[in-house]
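Let's take a walk through a protein model, one spot at a time. Have the 3D view ready so you can follow along.

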Amino acid sequence: MSDYDFEAIEARWQKRWQDEGTFEVREDASRPKFYCLEMLPYPSGDIHVGHVRNYCITDVIARVKRMQGFNVLHPIGWDALGLPAENAAIKRGTHPEAWTRSNIAGMKRQLMRMGFSYPWSREIATCDADYYHWNQWTFLRMLERGIAYRQKAPVNWCPSCQTVLANEQAEGGTCWRCKSAIQEREMDQWFLRITAYQDQLLEDMDGLTEWPDRVLVQQKNWIGRSPGAHVDFAVEGEAEPIRVFTTRVDTICGATFLLLAPEHPRVDGLMRDADAGAKEVVARLRKQDRRARLAGQVDKEGAFTGRHAVNPFNGERVPIWVGNFVLMGYGTGAIMSVPAHDQRDFEFARQYGLDVRVVIQPEGEAFDGATVAEAYSGPGRLVNSGEWNGLEWEAAKEKMAAHAEAKGFGKATITYRLKDWLISRQRYWGTPIPVVYCDQCGMKGVPDSELPITLPPDAPFTGEGGNPLEKVDSFVKAKCPSCGGPARRETDTMDTFVDSSWYFYRYCSPKHADGPFDPKAVAHWFPIDLYVGGIEHAILHLIYSRFWTKVLRDLGLVRDAEPVTRLFPQGMVHWKGEVMSKSKGNTIAPDDVNARYGADTLRLYVLFAAPPEDSLEWSEDGIEGPHRFLLRLVRLVARHGEALRALAGRAMPAELPAAARDLRRRTHQTIAKVTDDVSKRLQLNTAVAALMKLSNEIHAAEPVLHEDAAGRFALREAVVTLVQLLNPFAPHVTEELWERLQPAGTAPLVDTPWPVADAAVAREETVELAVQVNGKVRGRISVAAGTPEEAIRAAALAEPRVAEQVAGKTVQKVVVVPGRLVSVVVK
């Protein structure tokens with residue numbers, strides 16, 4: 001085995017794992033469970049090494065936990081519905097299912113070639129009818145409870161994908177898939193009432209202590225809980241006031257105008273007598289893209305309605321304007337504009353010559369609205385605010401909101417940025433929404449007995465004319481479940497994020513036919529102990545899946561309010577300065593790397609080259625190092641395997657030479673470090689570095705120890721331990737080396753317990769300490785481990801260079817920092 005035939009080794013062990021069902025798993029209450037999961041891939045074609053890195057992270061953790069005695073669930077599946085498959089089918093003149101199934105087969109082959117420890121019997125694909133059956137079933141339960149509903153609403157329309165997008169999928173005014181500019185349309189759409197859970201989504205974040213702060217901050221910002229107040233401004237000449245929402249009621253005496261969204265229902269009435277120019281401006285503003293307006297991608301514009309309102313706090317008349325940076329659906333669609341203390345209002349006021357009045361003065365400063373270049377939005381005390389003058393701003397918010405409520409023109413309230421989840425898609429390749437429309441009975445949910453409503457295989461794919469389902473009469477024509485008369489089936493399909501909002505539950509019982517999953521199996525495995533995926537899913541998949549879990553809890557199907565205990569967003573793989581992506585044409589196929597170096601080398605490289613949470617820059621040269629490391633280990637075992645195997649089962653001698661004691665110490669220190677790096681810190685790159693360091697220690701000691709009868713025992717322990725610790729990272733070659741090091745009939749490494757460090761052996765016999773004099777290192781001393789501090793101080797002062805520095809001076813104190821340094825202060 002002096003030559004490293006990685007192709008034969010990897011094929012042999014992959015076949016053995018598959019034949020023996022090594023990674024298949026079932027519930028076992030006698031062992032602690034560990035549910036380890038990566039976000040399921042979309043089968044868009046071949047995987048690249050960026051995918052490999054993600055899957056390697058979870059595979060290492062799963063393998064270590066398994067060796068530590070945990071009952072590990074580490075499944076895989078396919079997020080198989082969605083627009084890309086349909087678009088690819090149109091482009092290639094094929095069916096989305098054929099394209100998807102072909103991709104799944106190819107990607108599965110690639111994943112198996114990497115040696116990932118998946119229980120393939122639990123594999124799911126969201127395009128299977130026995131999967132999306134339960135999307136439909138859960139939708140019907142939501143429909144019964146008012147969580148699912150249909151209404152006409154302005155929606156984000158992608159003209160390229162020919163479908164509606166949720167707000168989260170149209171950030172910045174472009175489609176999240178194809179990057180086309182989004183248009184706004186008014187359409188009947190299906191929504192899920194995620195806003196009914198907005199407070200729970202926020203409050204339950206307090207328990208997500210093992211989620212990154214950056215993810216939680218993004219979710220909090222997207223939910224956008226804003227405590228503030230509603231205030232009604234009376235409109236001159238009209239009975240109905242204009243209601244505004246503000247988070248800064250303390251600044252209301254600085255409101256010098258009101259701003260309404262161009263779409264506000266009061267605008268046309270208010271502008272009945274406005275001049276033609278103002279009406280033309282408003283008509284033009286209404287045509288501007290709402291997403292671009294929200295993102296600040298259009299210049300601020302507005303028009304005066306010609307009407308005035310009255311500020312209820314000070315009785316002042318304020319002009320009513322229309323402005324394009326105010327939108328319906330956010331607050332009330334009307335704002336009080338306080339240009340001295342809001343930058344957008346400030347810019348608008350300067351543009352149109354409107355008053356700027358300061359009502360908050362920062363402590364110790366003089367803020368003059370007439371001369372400043374920008375608004376002041378910070379803390380301070382109220383001025384120019386009548387009876388409220390002198391109040392601290394936070395106290396003023398509370399008192400002024402209470403005053404508004406007492407007088408009947410407002411009250412404290414809370415608004416949210418989060419909007420209900422729009423799930424309607426006007427495409428074929430998605431879960432059919434299980435409702436029909438009857439002229440006599442109206443909209444009706446499909447009975448459970450008729451589920452699943454399956455996608456017709458004969459839908460035309462031309463890329464023209466919208467939704468292909470509308471063109472399939474056999475699909476559209478249905479029977480009303482109430483009266484039995486003719487009905488029209490809903491042709492919208494569900495957003496693909498529905499599929500990925502609960503898939504991790506299905507893994508627990510993928511063949512369960514009486515519900516979306518077996519609640520007993522879910523109770524055993526949940527919550528997910530480790531979930532690995534990209535940070536880009538912070539406000540899409542991750543917030544939707546949290547919502548879906550809460551709905552399932554309320555349906556009595558799960559017990560937990562949150563699906564994931566620990567979330568770990570991995571870094572992306574870059575090449576040529578950009579994120580590796582098929583769309584950019586800068587991908588590296590794992591097949592090519594495997595053919596040259598083997599899967600174990602590729603696994604080791606993507607785990608070693610950078611911390612798992614950081615980006616990794618792909619390097620053709622960098623992969624050579626891990627390959628040489630493995631080859632060196634193979635050759636070491638080839639030289640000494642038989643001799644070391646002969647020592648199996650024999651006790652370590654009581655007396656060992658110094659070199660053997662040193663190697664044993666390094667071996668057990670490495671066990672402790674790798675265990676901590678992998679199991680707790682997820683610093684897989686430093687774990688690999690520690691293994692490479694131990695390898696160097698072994699090779700340095702090899703010439704001496706293999707000739708020494710007692711020393712060979714320490715050499716065997718070190719080599720065997722290195723192979724064990726390396727196994728989760730490079731599982732194929734280490735299994736092969738394990739066989740060579742162990743007697744016939746020994747269990748494979750994957751079924752061998754994880755090594756445990758012996759603290760007594762790992763303890764250093766001597767400790768080197770730096771000695772500082774007045775903060776500068778002047779010398780170093782070596783002392784026996786456990787030496788009393790008094791003796792350490794004496795040794796430090798006796799060190800020649802230190803003695804020279806303190807000669808003729810007064811030693812004020814000598815501080816020992818155990819294991820690190822001695823600090824001497826002299827005067």
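What follows looks at a cavity, a strand pair and one residue in a helix.

## Before we start

This is a predicted model, where local features need pLDDT of at least 70, side-chain atom pairs count only at pLDDT 80 or more, and totals for chains, interfaces and linings use all residues. Residues are numbered from 1 along each chain as its sequence is written, and side-chain values use heavy atoms, with hydrogens and water left out.

## The hollow inside

A cavity here is a set of points, on a 1 Å grid over the protein atoms alone, where a 1.4 Å probe fits but cannot get out; lining residues have an atom within 4 Å of a point. The model has 2 cavities of 30 Å³ or more. The largest one holds about 140 Å³.

Its lining is made of 15 residues, with Gly82, Leu83, Arg425, Met494 and Thr496 nearest the centre. Helix α3 (83–92) and strand β23 (493–494) each give two or more residues to that lining (helices are DSSP runs of H or I with at least four residues, strands are E runs with at least two).

## A strand tucked away

Strand β9 (residues 242–246) is largely enclosed by the rest of the structure, because 4 of its 5 residues are buried (under 20% relative accessible area, 1.4 Å probe, protein chains only). Strand β8 (residues 226–235) runs antiparallel to β9, joined by 5 bridges. In one of them, Val231 partners Val244 of β9.

## A buried asparagine

Asn594 sits in helix α18 (residues 590–597). Asn594 counts as buried, at 4% relative accessibility.

Technical notes. On a 1 Å grid over the protein atoms alone, a cavity is a set of points where a 1.4 Å probe fits but cannot get out, and a pocket is an open set with protein on both sides within 12 Å along at least five of seven lines; lining residues have an atom within 4 Å of a point. Grid points are joined across faces, edges and corners, and a volume is the space filled by probe spheres set on the points. Buried means under 20% relative accessible area, exposed over 50%, partly exposed in between (1.4 Å probe, protein chains only). Two strands pair if DSSP finds at least two bridges between them.
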